[in-house]
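Take a look at the chain below. The report that follows goes through its helices, its surface and its charged pairs.

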Amino acid sequence: MPGKVRDRDSRDRFSTATRLRVLGEQTAERVYRSQNKRQARRSRLTGRAALLALVLCTLVVALAYPIRQYVSQRGEIEDLRRQQQEAKERVDRLRDQKARWQDDAFAEQRIRERLHMVMPGETGYVVPSERTAAERAEQGAEDRPWYSNVWDGVDKADQADN
């Protein structure tokens with residue numbers, strides 16, 4: 001009999017049904033273990049992840065407006081610094097110009113050039129240019145002789161009456 005028990009054990013152990021049943025139990029046990037691990041891991045990680053996401057979203061929402069204001073104010077500060085620098089340069093140029101105009105020789109030279117004036121005993125020459133009235137009008141009023149500005153004004157006044 002001991003031989004028969006051994007034969008039955010060996011038959012049960014090596015039978016297809018037994019092997020499938022054992023394989024199914026092992027597979028089910030592995031699946032159950034992995035599901036338990038995943039569920040345990042998910043439950044801990046999901047709560048922490050949700051809390052972390054909530055904190056990050058709160059920080060982003062809370063800091064978005066102040067950061068935007070900070071950046072825009074920095075831009076405004078840079079613009080104001082640039083304008084301040086330009087104003088300082090303009091003031092320096094105007095001071096230089098004022099100092100030059102304080103010199104009588106410079107003032108006399110500029111006045112004579114601008115108004116085409118001559119001193120007594122000098123002979124003044126005006127060279128007519130071949131420019132048309134339209135070209136003279138395009139030229140800045142400061143760059144033209146004063147009498148050209150007067151005649152252009154008269155011409156414009158005559159045209160307005162028509």
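## Confidence in the model

What pLDDT does the protein chain average, and what share of the residues score at least 70? This is a predicted model, and its protein chain averages a pLDDT of 80. At least 70 is the score of 75% of the residues.

Confidence varies between elements. Helix α1, residues 2-14, has the lowest mean pLDDT, at 52. Helix α3 has the highest, at 88. Keep that in mind when you look at helix α1 in the picture.

## Overall build

The protein chain has 5 helices and 0 strands. Read along the sequence, the pattern is α-α-α-α-α.

How much of the chain is buried? Of the 162 residues, 4% count as buried. The chain exposes about 15000 Å². Carbon and sulfur atoms supply 56% of that area.

## Helix α3: a length check

Helix α3 covers residues 104-115, which makes 12 residues. Its length can be tested. At 1.5 Å a residue, the helix should span 16 Å, because the expected span uses one less than the number of residues. The end C-alpha atoms are 16 Å apart, so the model agrees with the expected span.

What follows the helix? Histidine 116 comes after α3. Its phi is positive, near 55°.

## A nonpolar patch

The surface carries a nonpolar patch of about 980 Å². Its members are Leu51, Leu52, Leu54, Val55, Leu56, Leu59, Leu63, Ile67, Tyr70 and Val71.

Take one member, leucine 54. This residue sits in helix α2, which runs over residues 16-102. Is leucine 54 buried or exposed? Its relative accessible area is 54%. The cut-off for exposed is over 50%, so leucine 54 counts as exposed.

## Salt bridges along the helices

Side chains of opposite charge can pair when their charged atoms come close. The count in this model comes to 7 salt bridges.

In helix α2, arginine 21 and glutamate 25 are 4 residues apart, so about one helical turn separates them. Their side chains meet in a salt bridge, with 4.0 Å from N to O. Glutamate 25 is partly exposed, at 46% relative accessibility.

Further along helix α2, glutamate 78 and arginine 81 form another salt bridge, at 3.4 Å from N to O. These two are 3 residues apart, which again means about one helical turn. Both ends are partly exposed: glutamate 78 has a relative accessible area of 43%, and arginine 81 has 47%.

Helix α3 has a pair too. Arginine 110 and glutamate 113 meet at 3.2 Å, N to O. They are 3 residues apart in the helix, about one helical turn. Arginine 110 is partly exposed at 32%, and glutamate 113 is partly exposed at 41%.

## Why this spacing works

Why do residues three or four places apart point the same way? An α-helix has 3.6 residues a turn, so such a step comes back to the same side. Now check it on the pairs. Arginine 21 and glutamate 25 take a step of 4 residues. Glutamate 78 and arginine 81 take a step of 3, and so do arginine 110 and glutamate 113.

Salt bridges can also join up. Which residues are linked in a network? Asp79, Arg82 and Glu86 are linked in this way by salt bridges.

Conventions. Residues are numbered from 1 along each chain as its sequence is written. Side-chain values use heavy atoms; hydrogens and water are left out. Patches are made of residues with over 30% relative accessible area and no salt bridge: like charges are joined within 9 Å, nonpolar side chains (Val, Leu, Ile, Met, Phe, Trp, Tyr) within 5 Å. Accessible areas come from the Shrake-Rupley method with a 1.4 Å probe; for residues, only the protein chains shown count as cover. Buried means under 20% relative accessible area, exposed over 50%, partly exposed in between (1.4 Å probe, protein chains only). pLDDT is the predictor's confidence in each residue, from 0 to 100.
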